[in-house]
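User: I would like to understand how the descriptive words used for a protein model are justified. Could you take me through this one step by step?

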Amino acid sequence: MLILKANRLVVVDYDLCVGCQCCMFACTRRFAEAGLSRSTIHIKSAGGFERGFVVTVCKACSEPPCMKVCPTDALVFRKPGGVTLIPSKCIMCKNCVDACTVGAVFWDEEVNKPAICVYCGYCVGYCAYGVIKLQPVGEGEDRR
């Protein structure tokens with residue numbers, strides 16, 4: 001019997017982040033595009049270099065609030081956590097962006113749809129400092 005495990009992106013140590021944004025560039029690159037606009041991971045300053053950086057990633061929630069507020073079921077549950085976007089069902093209401101408790105649903109201005117993490121882990125390979133990693137949902141306790 002084949003058992004598939006879903007993965008989620010986790011932040012190993014926020015203090016290791018230097019704000020290089022290589023993970024963000026890598027995320028956008030998976031769409032064969034340049035820049036940061038389509039990234040589903042976000043790095044920003046916490047208020048000065050000495051205070052470090054804030055790393056925002058999708059937590060692959062077991063009961064995703066973004067999915068619950070979608071009026072057209074464009075976001076469907078991905079076992080055992082997180083969501084998958086069905087773009088043809090999205091009516092661009094942005095309810096999912098407002099509902100995400102960690103701010104990890106970003107808006108793709110180019111296509112006017114939410115940018116949802118697909119949990120591919122491509123970004124992990126470009127983090128030179130080991131700030132993020134991909135792990136099976138349910139493993140580890142860190143759900144920040």
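Analyst: Let us begin with a charged pair in this predicted model: arginine 38 forms a salt bridge with glutamate 33, and their closest N and O atoms are 3.0 Å apart.

User: Why is the contact of arginine 38 with glutamate 33 called a salt bridge?

Analyst: A side-chain nitrogen of Lys or Arg has to lie within 4 Å of a carboxyl oxygen of Asp or Glu. The closest N and O atoms of arginine 38 and glutamate 33 are 3.0 Å apart, and therefore the pair meets that cut-off.

User: Which other residue forms a salt bridge with arginine 38?

Analyst: Arginine 38 also forms a salt bridge with aspartate 108, where the closest N and O atoms are 2.6 Å apart. This pair links distant parts of the chain, since arginine 38 sits in the loop between α1 and β2 (42-45) while aspartate 108 belongs to strand β6 (residues 106-108), 70 residues apart. Glu33, Arg38 and Asp108 are thus linked in a network of salt bridges.

User: How do you know whether arginine 38, aspartate 108 and glutamate 33 are buried or partly exposed?

Analyst: The word buried is kept for residues under 20% relative accessible area. Arginine 38 has a relative accessible area of 15%, so it is buried, and aspartate 108, with 4%, is buried as well. Glutamate 33 has 26% relative accessibility, and therefore it counts as partly exposed.

User: How many salt bridges does a search of the whole structure find?

Analyst: The search finds 3 salt bridges. One of them joins lysine 68 to glutamate 63, with the closest N and O atoms 3.4 Å apart.

User: What makes lysine 68 and glutamate 63 exposed?

Analyst: A residue is called exposed when its relative accessible area is over 50%. Lysine 68 has 55%, so it is exposed, and glutamate 63, with 56%, is exposed too.

User: What makes the pair of tyrosine 122 and tyrosine 126 tilted?

Analyst: A pair of aromatic rings is described by the distance of the centres and the angle of the planes. The search of the whole structure finds 1 aromatic pair. The ring centres of tyrosine 122 and tyrosine 126 are 5.2 Å apart and their planes stand at 50°, so the pair is tilted. Planes under 30 degrees apart would count as stacked, and planes over 60 as edge-to-face. Tyrosine 122, at 33% relative accessibility, counts as partly exposed, and tyrosine 126, with a relative accessible area of 35%, is partly exposed too.

User: Why is threonine 40 called buried?

Analyst: Threonine 40 has a relative accessible area of 4%, and therefore it is buried. Threonine 40 is found in the loop between α1 and β2. Leaving aside neighbours within four places in sequence, it is in contact with several residues, including Cys27, Thr56, Phe106 and Ile116.

User: What is notable about phi of alanine 60?

Analyst: Most residues other than glycine have a negative phi. Phi of alanine 60, however, is near 50°, a positive value in a residue other than glycine. Alanine 60 lies in the loop between β3 (53-56) and α2 (65-68), and at 1% relative accessibility it counts as buried. Aspartate 73 also has a positive phi, of about 60°, although it is not a glycine. The place of aspartate 73 is in the loop between α2 and β4 (75-77), and with a relative accessible area of 48% it is partly exposed.

User: Which residues form a nonpolar patch on the surface?

Analyst: Leu16, Val18 and Tyr129 form it, with about 250 Å² of accessible area together. Leucine 16 is found in the loop between β1 (7-11) and α1 (22-29), and at 37% relative accessibility it counts as partly exposed.

User: How do you know that the radius of gyration of the chain agrees with a compact globule?

Analyst: With 144 residues, a compact globule would have a radius of gyration near 15 Å, and the chain has 15 Å, so the value agrees. The chain has 3 helices and 8 strands, and 39% of its 144 residues count as buried.

Terms used. Residues numbered from 1 in each chain as written. Predicted model: local features only at pLDDT ≥ 70, side-chain atom pairs only at ≥ 80, totals over all residues. Heavy atoms only, no water. Patch = residues over 30% accessible without salt bridge, like charges linked within 9 Å, V, L, I, M, F, W, Y side chains within 5 Å. Areas by Shrake-Rupley, 256 points an atom, 1.4 Å probe, with all protein chains shown as cover. Helix = DSSP H or I, 4+ residues; strand = E, 2+ residues; numbered from the N terminus. Buried < 20%, exposed > 50% of the residue type's maximum accessible area, 1.4 Å probe, protein only. Rg over C-alpha atoms; globule rule 2.2 N^0.38 Å. Phe/Tyr/Trp six-rings, centres within 6.5 Å; stacked < 30°, edge-to-face > 60°. Contact = heavy atoms within 4.5 Å.
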